[in-house]
Structure formats: structure tokens, C-alpha cells
Amino acid sequence: MLYQLSHVRSAPFNDRSPSVRSRTIAERSIGVQTLGPVRAPPFGAPIMINRRGYPSAMQFLTSPSAASVGHRAVWANGRLYDDPAEARVVVTDHGLVAGAGVFETMRVTDEGPFAVQRHLNRLSRSASALGMPPPDHARIRAAVDAVLDGQVMSRGRLRITYTGGPGPLSSAPAYGPPTLVVAVEATDFPVASTAIVTAPWTRNEHGALSGVKSTSYAENVRGLAYASSRSATEAIFPNTAGNVCEGTGTNIFMVFGGKVVTPPLGAGPLAGITREVILEWCEVEERDVTLAQAKAADEVFLTSSLRDVQAVHSWDEMSYSQSHQVTDQVTDTFARNSLANLDP
Ligand SMILES: Cc1ncc(COP(=O)(O)O)c(C=O)c1O
């Protein structure tokens, strides 16, 4: 296994250096989606930079020869492809025909992928919920090592997709054997805070796919497009009881009088891995919160493998203070603990 070695430095909390700003502009000019300045870590927290002083993934995002520097790789059913366009699955794959499959997305940094075992465990739970054969963890770990081998990436997204494999052109079960794809790509760093909106649709906490990370993600695709069209980066779904559930790809937390609260799994959210470790590392109460109560919180933040802990500065018509102290503490704890233990 070979990951890029980086220097570590400490950055002040509100580091908005000209290099950070000009890099953001450079990304915009080549059409890379950038939602704001690169996130600065909390005061004193180490950030990873490469030898030229930039998060190394940025080089690939801004380089015209990005495809040639191995920033993306795909492993599909036992074969590694440097060019993702060459990887193939059959057109009758049940993941494609019926959205019958499960997946995981994990964060990759210079140190490697984060919380692999927890992600594999959730993949197995999701597969079991869909009646699929248990995924082979050792095989997936070998595929993860294969796609990451030689990658130079300060920040990336590693995706494991597992479907029933070839099947009928209907909702009847797949014939198999299962399809397994592991892919990695460089991503941007998450921004420090964001705007969210309420989705006009509900999450069904009683549905067959509630809490399952299935490839049937079109509801989330629609929700995210709805948010984008309103200059937000996330849409929050209430559940059928009118309580807050989750975002299209994030869990949601609120702060009331210094206390952190998040909806329980019974409210229908995915059991996010970031949510899970934050529940272990910080004091958090799991309880139902109505949409109106949630929006009236002192602070609101989102969590996910790609956003880590992200403050919310506006939710529909509501605005939140820029000095989100509790959110900063959670951010700090998450950053420190996840750096200290890559597979907690
Ligand atoms: C619907 C949904 N909720 C929550 C999350 C956050 O989960 P995690 O922290 O494991 O990334 C995700 C992640 O993609 C998601 O898709």
C-alpha cells in the first residue's frame, strides 16, 4: 500500500490566505464545482498539505492532464482499470435495472480510507436487508488496497458498490453472481459552513429501504437538485411524523442551550458512520425534533463522510450565528480523534 506522504502544519481557524482564494478561482475557471473557500480546520488542528503547500488533490482538479496522473481508478469484479471508462458491468445488472444494490462512500486522505471496518459492517447490514449474499470483506479490502495503491490524493471519495449482478428485466431477484465495484476519485475539501433548505418531500421512516444505503438513490438526487436550485447544498427531509430525519447525503444535528441533539434511527435516517463516531466521542442526545423546533435551534450542523462536520449558516428563511461554538467543539473532537485512529 502506498499513500502520498505529506507535511503537517497547524493553521489558524480563519485562514483565508490568498493562495486559498486564488485556488478557488482557478477551480471555478475550469468548471470544478466549488461551493466556497476551502475549509480551514479548527485552530491548532493539523492540516495535510503537499510539498508545494497545496492540498494535493487540487493539483489533479486543476491539471489539464488529470486523467494521466492516476487520480481515479476502478476495480470491477476482480480487475483493476486505470481508465474508469474501460470498466464494464453487464447491462442487465440488477443495480441498473432495478436499483437493487447497496453501496458505501468513505473519505480518503493521505493517511488512507477512514473507518473501513464500520463501512464494511454497514454494507453487510444493507445487503442483508435486501436479501443479498453477504459481501466478502477480505475481497473488498484487497480491492480497496488495489485502487488506492499509488494514488496521490489529499482528499478523495472511495465508493464500494455491490449489486445482485445480472438479473431479469423486472423486480424479480437477480440471478447473480453479485457485482462488486470499488472506485476512487479526488474530491474538493468541504467548506466550513453551508446553506440548507427543507425538501418538499418526506422520508418514509417505515419504508422497506429506511436506513438502508441502497443504490436506489434517485430521491436524494432529486432532493439535492432541489437544494442546488435554491443556492443551498443540502435538502433536509422531514419524516412522515413531521419530525426532522436527515439530508440527501448527511445526518443532521441541532444545538439547544449547549446540548447537541440528533434524530434517533427510528426517525428514519441512515446510520451515518460520522454520526456514529460523533455519538461515541461527544455528548449527544438522540430524540425526535419537529421541523419547526429544529429550525429554531441555536446551531445546526451536518455530518457525512465527505463533509465531516459542517456548520449550517442558513436554513430556509433562518440564519444562524457565525460563532457556532458547540459545532466547533464537535468539529475539533472529530478531527482530532479521526486523525489519531483511522479505523475507530
Ligand atoms: C442519506 C444519507 N444520510 C446520511 C449520510 C451520512 O453517512 P456517513 O457519515 O456514513 O457518510 C449519507 C452518506 O452518504 C447518506 O447518503
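1. Let's start with one residue pair: Thr 109 sits opposite Gly 112 of strand 6. Please keep in mind throughout that this is a predicted model. Strand 5, which covers residues 101–109, is joined to strand 6 by two bridges, and the two strands run antiparallel.

2. Stepping back from that pair, we come to an open sheet of six strands. Its order is 4-3-8-7-5-6, and the pairing is antiparallel. At the edges are strand 4 (79–81) and strand 6 (112–113), each of which pairs on one side only. As a general reminder, strands of a sheet pair through backbone hydrogen bonds.

3. Now for the ligand. Which residues come nearest to it? Among the 15 residues around the ligand, these are Leu 270, Gly 272, Ile 273, Thr 274 and Ser 305. Two elements, helix 7 (273–281) and strand 15 (299–304), give two or more residues to this shell. Helix 7 contributes the most, with three residues. By character, the shell divides into 10 polar, three nonpolar and two charged residues.

4. The largest nonpolar core is worth a look too. Of its 66 residues, Val 144, Val 147, Val 182, Met 254, Val 300, Phe 301 and Val 312 touch the most other members. Domain 2 (68–186) and domain 3 (193–340) each supply at least three residues to this core. In soluble globular proteins, nonpolar side chains tend to be buried together.

5. Finally, a closer view of Val 300, one of the core residues that touch the most other members. What is Val 300 in contact with, leaving aside neighbours within four places in sequence? The partners are Ile 252, Met 254, Val 312, Trp 315 and Tyr 320.

Definitions and conventions
Residues are numbered from 1 along each chain as its sequence is written. This is a predicted model: local features need pLDDT of at least 70, side-chain atom pairs count only at pLDDT 80 or more; totals for chains, interfaces and linings use all residues. A residue is near a molecule or strand if its C-beta atom, placed from the backbone, lies within 6 Å of it. Helices (H or I, at least four residues) and strands (E, at least two) are DSSP runs, numbered from the N terminus. Ala, Val, Leu, Ile, Met, Phe, Trp, Tyr, Cys and Pro count as nonpolar, Asp, Glu, Lys and Arg as charged, and the others, Gly among them, as polar. A nonpolar core is a set of buried Ala, Val, Leu, Ile, Met, Phe, Trp, Tyr and Cys residues joined through C-beta atoms within 7 Å. A residue is buried if 20 or more other C-beta atoms lie within 10 Å of its own, exposed if 12 or fewer, and partly exposed in between; C-beta atoms are placed from the backbone. Domain bounds come from an automatic or database domain assignment. Two residues are in contact if their C-beta atoms, placed from the backbone, lie within 7 Å. Two strands pair if DSSP finds at least two bridges between them.
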